[in-house]
Amino acid sequence: MAFTAPVSEQRFVLDTVANIGELAETERFAAATPDVIDAVLEGAAQFAAGEWAPLNRAGDTVGAKWTPDGVVMPDGYRAAYQAYVEGGWGTIGVSEAFGGQGLPFVVQAAVLETLGSANMGFALCPTLTVGAIEAIEHHGTPEQQALYLPKLATGEWTGTMNLTEPQAGSDVGALRATATPRGDGTFSIKGTKIYISFGDHDMADNIVHLVLARTPDAPAGTRGISLFLVPKVRADGSLNDVRVVSIEHKMGLHASPTCVLSFGDHDDCVGELIGPEFGGMRAMFTMMNNARLNVGLQGVQVAEAATQKAVDYAKERVQGARAGAQSAIIEHSDVRRMLLRMKAQTMAARALVYYACGQVDRAGLGDTAAKERLEITTPLAKAHATDLGNEIASIGVQVHGGMGFVEETGAAQFFRDARITPIYEGTNGIQAADLVGRKLSLSNGAAFASLIADMRAEAQHPRLTALVDACESVGRRLQTADADDRQAASYPFLTMLSIATCGWLLERQARADGADAVKQASVAFYLDQIVPEAMGLEAAANAPASQLYALTADAF
């Protein structure tokens with residue numbers, strides 16, 4: 001199977017969900033003309049199919065390798081990455097002031113979707129660089145921006161996020177890495193960071209590490225955390241004191257080296273403060289919020305790739321008969337059910353993530369309502385889209401039957417690669433906790449009420465209207481519930497609200513000019529079969545936390 005980017009579908013969603021035409025009317029995004037958007041999507045599709053997709057198999061079977069001299073990528077990866085740099089694909093969403101093209105974030109997301117569907121592990125490299133650019137653009141000094149952003153924008157240099165430590169995972173406040181002033185405005189960084197995606201590789205000449213650490217006498221917890229810029233290669237050309245201790249042996253994403261990094265083994269790791277001292281959490285969330293959307297986008301990536309492979313296999317695999325004649329399995333009703341579910345759920349995930357990305361662009365233009373809408377849809381996009389990526393990859397294995405369990409078909413790789421996405425950049429349980437703990441109460445509940453009102457104003461299918469009503473009822477109850485009951489309800493409620501939001505966006509697409517037969521059939525399936533499933537979660541979303549604590553820990 002040759003990967004083919006869903007360009008027409010991407011363009012349709014940009015038009016109907018992200019309202020790209022409205023963004024192009026602003027001065028900031030005036031360059032996002034229809035012909036430019038078409039050229040970007042088509043060009044990315046050709047590049048991904050020609051350069052990145054052919055390397056996907058080797059990325060999985062060979063993978064990144066640790067050596068005493070650093071991490072070595074599989075054959076072909078360096079050349080393919082240099083082609084990405086030379087093609088300017090990293091510059092799409094970066095400000096023109098730093099050498100970028102200044103196009104909307106949602107267009108950059110569409111390009112990343114294409115790259116990740118072609119080769120998900122490889123696409124993690126530019127995805128992490130996007131986060132570093134965000135942090136430096138918003139919190140760096142003019143000198144730091146001038147030195148680092150042009151190189152990061154092109155991808156000539158890559159970026160990382162260094163948050164997690166062995167004892168500090170979701171509890172970021174427990175981190176112990178230190179940053180001691182050197183007397184010249186720089187800091188001596190010391191500590192160990194784990195789970196650092198593309199923390200080392202041989203595809204670029206420099207890697208810019210953004211590292212959370214504590215200065216001397218810093219307050220305990222998250223209040224005492226600062227963010228530091230630590231380049232692999234310093235401005236004078238010397239190597240910084242950063243060492244790759246190992247890379248993880250993982251279930252999937254083998255093309256993405258997940259590194260353990262040691263900073264300052266020889267007390268010669270030099271870093272610069274990004275933003276104010278103790279401003280690390282604020283700077284981190286600048287990286288993290290958009291990174292969460294990009295992880296949601298990984299759900300779309302794996303869903304698209306798995307669906308394409310399953311459809312191709314179902315058309316080719318002849319087995320059994322229908323209407324008295326031997327047939328391919330795509331003619332059997334249960335396979336049709338699975339494929340249509342994969343199609344509909346992939347469309348749902350894409351709509352949800354593109355919608356949230358469009359709010360990033362509007363928030364950047366100063367739209368306060370969009371900023372609040374982004375706050376409430378970010379946990380939905382990250383959690384639900386990655387849940388769907390896992391569901392769709394699993395169905396893809398099922399469509400292949402026994403051959404899906406055999407590695408040579410490639411269906412299993414999608415299943416293995418997808419499994420990390422509900423875990424990193426804040427587990428999906430944390431996203432649900434954030435939704436009920438912080439986002440429901442934004443502006444005294446007005447942000448949630450606004451989303452409900454917008455959905456209710458457009459929803460036409462009676463089952464979708466019923467689900468919106470149920471989301472409103474549960475959401476209002478949770479706004480005044482105690483902390484335990486809110487947390488107990490958080491995941492089923494997040495799923496309900498996500499499906500309602502997807503249904504709203506899909507129904508809008510089905511009504512739009514240009515909605516083809518595939519769109520119409522997929523949306524009808526979603527509204528008739530998937531939306532009602534979400535109503536079954538209402539009981540769980542209203543159940544008391546006492547059910548979860550009926551057993552002692554020892555009883556488990």
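**Notebook: a walk through the predicted model**

I started at Asn 19, which counts as partly exposed because its relative accessibility is 31%. A reminder to myself: this is a predicted model. Asn 19 sits in the loop between α1 (7-16) and α2. I looked up its backbone too, and phi is near 50°, a positive value in a residue other than glycine.

**Another positive phi**

Ala 323 has a positive phi as well, near 55°, and again this is a residue other than glycine. I found Ala 323 in the loop between β11 (318-322) and β12 (325-328). Is Ala 323 buried or exposed? I get a relative accessible area of 81%, so Ala 323 is exposed.

**Helix α8**

Next I checked the length of α8. The helix runs over residues 142-154, so its 13 residues at 1.5 Å each should span 18 Å. The expected span takes one less than the number of residues. I then took the distance between the end C-alpha atoms, and it is 18 Å, which agrees.

I also looked for a bend. There is a kink of about 35° at Tyr 148, and the proline Pro 150 comes shortly after. Right behind the helix I noted Gly 155, with a positive phi near 90°.

Which residues of α8 are buried? I list Gln 144, Gln 145, Tyr 148, Leu 149, Leu 152 and Ala 153. Tyr 148 is thus both the site of the kink and one of the buried residues. For spacing along a helix I keep the usual rule in mind: with 3.6 residues a turn, residues three or four places apart point the same way. As for partners, the buried residues of α8 pack against the helix α7 (120-139) and the strands β3 (157-162), β6 (206-214), β7 (225-231) and β10 (270-274).

**Aromatic rings**

I counted aromatic pairs and got ten. One cluster caught my eye: Phe 47, Trp 52, Tyr 77, Tyr 81, Tyr 84, Trp 89 and Phe 122 belong to it.

**Cysteines**

How many disulfides does the structure hold? I found zero. Cys 471 is in no disulfide, and the nearest cysteine sulfur, on Cys 502, is 11 Å away. Cys 502 is likewise in no disulfide, its nearest cysteine sulfur being that of Cys 471 at 11 Å. The cut-off for a disulfide is sulfur atoms within 2.5 Å. I looked up burial for both: Cys 471 has 0% relative accessibility and so counts as buried. Cys 502 also comes out at 0% relative accessibility and therefore counts as buried.

**Salt bridges**

My search of the whole structure gave 32 salt bridges. I picked out a few.

Glu 22 and Arg 362 meet through their side chains at 2.9 Å, N to O. Glu 22 is in helix α2 (residues 20-24) and Arg 362 in helix α10 (residues 333-364), so this pair ties together parts 340 residues apart in sequence. Glu 22 is partly exposed, because its relative accessibility is 45%. Arg 362, with a relative accessible area of 10%, is buried.

Arg 463 and Asp 528 form another salt bridge, 3.8 Å from N to O. I placed Arg 463 in helix α15 (residues 462-480) and Asp 528 in helix α17 (residues 517-535), so this pair links distant parts of the chain, 65 residues apart. Arg 463 has 41% relative accessibility and counts as partly exposed. Asp 528 counts as partly exposed too, at 38%.

Glu 472 and Arg 476 are bridged at 3.1 Å, N to O. Both lie in α15, four residues apart, about one turn of the helix. I checked their exposure: Glu 472 counts as buried at 17% relative accessibility, whereas Arg 476 counts as exposed at 54%.

I also noted a network of salt bridges that links Glu 9, Glu 113, Glu 304, Arg 350 and Lys 519.

**Leu 339**

My last stop was Leu 339, in helix α10. Its relative accessibility is 7%, so I log Leu 339 as buried. What does Leu 339 contact, leaving aside its neighbours within four places in sequence? I found Ala 310, Val 311, Ala 314, Ile 330 and Val 399. I also took one distance from Leu 339: its C-alpha atom is 29 Å from that of Lys 250, and the two residues are 89 apart along the chain.

Notes. Residues are numbered from 1 along each chain as its sequence is written. This is a predicted model: local features need pLDDT of at least 70, side-chain atom pairs count only at pLDDT 80 or more; totals for chains, interfaces and linings use all residues. Side-chain values use heavy atoms; hydrogens and water are left out. Rings of Phe, Tyr and Trp (its six-membered ring) pair if their centres lie within 6.5 Å; planes under 30 degrees apart count as stacked, over 60 as edge-to-face and the rest as tilted. Helices (H or I, at least four residues) and strands (E, at least two) are DSSP runs, numbered from the N terminus. The bend at a residue is the angle between axes fitted to the seven residues ending there and the seven starting there. Buried means under 20% relative accessible area, exposed over 50%, partly exposed in between (1.4 Å probe, protein chains only). Contact means heavy atoms within 4.5 Å. A salt bridge is a side-chain nitrogen of Lys or Arg within 4 Å of a carboxyl oxygen of Asp or Glu.
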